[in-house]
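Work through the exercises below with the sequence and the model at hand. Each task is followed by a solution in steps.

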Number of protein chains: 2
Amino acid sequence: MNNSAGNFELQGEDALKAVFRNHASGIAILTALDSAGAPIGFTASSVTSLGSNPPLVSINISQGSSSYQHLQIGAKVALHTLDSETFELAKRLAGPREMRFNDNERVGPHGLPIFDECPSILIGEVRQRFEIEANAVLVISVNQAQMNRIPSSPLVYFQRAWHTIGQKLSDNF
Amino acid sequence: MNNSAGNFELQGEDALKAVFRNHASGIAILTALDSAGAPIGFTASSVTSLGSNPPLVSINISQGSSSYQHLQIGAKVALHTLDSETFELAKRLAGPREMRFNDNERVGPHGLPIFDECPSILIGEVRQRFEIEANAVLVISVNQAQMNRIPSSPLVYFQRAWHTIGQKLSDNF
């Protein structure tokens, strides 16, 4: 290896933000029910596969978010994948809370609000909440899934903007 | 809301795999040092921002992976963002372990192996390891970053293949 100092100019929060501006992430919608049984949900860029045996998903969330109190261990959730055809839905679920549900969503398993226009929908429940500082990693146990259609182009978040996907470079290796 | 049964045909691991085939994720390279001080590293699709104050990143990893034993609390790591110009590097760090390092990488902070051809590089350390079943969520504290260049197109993993990014649909909202 070559030994030289490099140029690590950014520190702390500035370092995180600058680097993650260069990192793409997928987008999904999480829905659940609040303690009164009303639908809650949000568009998330932190939905990540965690393990397959048993099947687990992780979602990073702020403990200060209005949804966090409703996502206790055992809470049922629906995760919806998104694509360019569901871009307006993705925007709506990232917008003002009172505009996110309009009675057009379906009542699915466990009474969960379901957006059937999404390419696929996963039903699970909160198995664990790992808390650190003001944040938490929610671990979701996967129960079942509904596959509605082949996605047109998945939504990708990059450089503070939403994109479609581009050229296929290679199959997995 | 409309109440109907839907069509949740897939269960468990099949449900997870089918849904995540429709979900895009960003790609990054993690490097670190093993207990003998030799470079280790891998291409990861689970690198996710966790919080900004203090700045934290999460990475999902199997406890059975050869790297896990070297990523104890306090271990220093370098995270490299990737783009189409560094696609061959991404492939190399996802390939056979004995081919991943070739003495062309630079020795950076804490002796970490650094790939300066990547658009940006973040230096941090393992702060917490949340273990669940055979998996773990590594929480990385962010220390500093080096910004090398504007990425051409970030690498995105989707439907078991690697892609560039496509059209910009909208700025964040």
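**Exercise 1.** Which residue is the bridge partner of A:Leu10 in β12(B)?

*Solution.* The model is predicted: local features need pLDDT of at least 70, side-chain atom pairs count only at pLDDT 80 or more, and totals for chains, interfaces and linings use all residues. Residues are numbered from 1 along each chain as its sequence is written, while chains are lettered from A and ligands numbered from 1 in the order in which they are written.

Step 1. Locate the strands, which like helices are DSSP runs numbered from the N terminus (strands: E, at least two residues; helices: H or I, at least four). Strand β2 of chain A covers residues 10-11, and strand β12 of chain B covers residues 135-147.

Step 2. Check the pairing, for which DSSP must find at least two bridges between the strands. Two bridges join β2 of chain A to β12 of chain B, and the strands run antiparallel.

Step 3. Read off the partner: A:Leu10 is bridged to B:Ala145.

**Exercise 2.** Describe the contact between the chains and the relation of the copies.

*Solution.* Step 1. Count contacts, where two residues are in contact if their C-beta atoms, placed from the backbone, lie within 7 Å. On this basis 87 residues of chain A contact 87 residues of chain B. Strand β14 (residues 161-171) of chain A gives the most to its side of the interface, with eleven residues.

Step 2. Superpose the copies by least squares on the C-alpha atoms of residues with pLDDT of at least 70 in both. Chain A falls on chain B after a rotation of 180° with 0.0 Å of shift along the axis, at an RMSD of 0.0 Å. The two copies are therefore related as by a two-fold rotation axis. The same surface serves both, as 100% of the contact residues of chain A recur in chain B.

Step 3. Find the residue of chain A that comes closest to the rotation axis: A:Gly166, with its C-alpha at 1.9 Å.

**Exercise 3.** Where do the buried residues of helix α1 of chain B lie, and what do they pack against?

*Solution.* Step 1. Apply the burial criterion: 20 or more other C-beta atoms within 10 Å of a residue's own, again placed from the backbone. In α1 of chain B (residues 12-21), B:Ala15, B:Leu16, B:Val19 and B:Phe20 are buried.

Step 2. Take the directions from the helix axis to the C-beta atoms. These residues cover an arc of only 115°, so they lie on the same side of α1(B).

Step 3. List the partners: β6 (48-52), β7 (55-62), β8 (76-81), β11 (120-132) and β12 (135-147) of chain A, together with β2 (10-11) of chain B.

Terms used
A residue is buried if 20 or more other C-beta atoms lie within 10 Å of its own, exposed if 12 or fewer, and partly exposed in between; C-beta atoms are placed from the backbone.
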